[in-house]
Amino acid sequence: MDKLAVEHKATTRIWPVVLMLAVAISLAALASWNTLHGLEETNAITDGRAKARQGRMQLQQTFSMVKDMETGVRGFALTGDARFLVPYHAAHAAFPKAYIDTKMMLQDILPAEFTWDELDRLVVLRQELAAR
């Protein structure tokens, strides 16, 4: 009976240790999951910022073409020198694709209620004015 009592006593001592170990492992798993979730959220925010920055740069480059068209036309109008039309023709040829690319790049970033209607109208108007 002494041997049975010793085995029972040893078994009752192990269960608290096993329980504490299970709690410690659960806490470590929960902490790891929270850290991973936080990193995923940080990555999503960083990716959103990168897309917005790329969109701003694309928008700036696209509308720089409008400036090039206007500058070329003004230079030609003032001097009659056809060399001033080189930037106009280059920008006029590249602008439609750049504008479509810009719209596609920004469509996921812009608010849902945003529409391109007014900007499209103004872009056409500026191109028409520059072509005169």
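Here is a friendly exchange about the predicted model shown above.

Colleague: Before we start, what are the ground rules for this model?

Modeller: It is a predicted model, where local features need pLDDT of at least 70 and side-chain atom pairs count only at pLDDT 80 or more, while totals for chains, interfaces and linings use all residues. Residues are numbered from 1 along each chain as its sequence is written, and side-chain values use heavy atoms, with hydrogens and water left out.

Colleague: How many helices and strands does the chain have?

Modeller: There are three helices and zero strands. Helices are DSSP runs of H or I with at least four residues, strands are runs of E with at least two, and both are numbered from the N terminus.

Colleague: How do you know whether the chain is a compact globule or not?

Modeller: The radius of gyration is taken over C-alpha atoms, and the globule rule is 2.2 Å times the number of residues to the power 0.38. For 132 residues that rule gives a value near 14 Å, but the chain has 33 Å. The C-alpha atoms fill a box of roughly 115 × 30 × 15 Å along the principal axes.

Colleague: Why is T102 called buried?

Modeller: Buried means under 20% relative accessible area, exposed means over 50%, and partly exposed lies in between (1.4 Å probe, protein chains only). T102 has 0% relative accessibility, so this residue counts as buried. T102 belongs to helix α2 (residues 85–106).

Colleague: And what makes E70 partly exposed?

Modeller: Its relative accessibility is 21%, so E70 counts as partly exposed. E70 lies in helix α1 (residues 2–79).

Colleague: What makes the pairing of T102 and Q58 a polar contact?

Modeller: A polar contact is a pair of N or O atoms within 3.5 Å; within protein, one must be able to donate a hydrogen and the other to accept it, and residues adjacent in sequence count only if both atoms are side-chain atoms. The side chains of T102 and Q58 make such a contact at 3.3 Å. Another polar contact, of 2.5 Å, joins the side chains of E70 and R126.

Colleague: How do you know that the span of helix α3 agrees with expectation?

Modeller: The expected span is 1.5 Å times one less than the number of residues. For the 15 residues of α3 (residues 117–131) that is 21 Å, and the end C-alpha atoms are 21 Å apart, so the two agree.

Colleague: Which residues in α3 are buried?

Modeller: V123, Q127 and A130 are buried in α3. They cover an arc of only 65° around the axis, so they sit on the same side of α3. The arc is that of the directions from the helix axis to the C-beta atoms.
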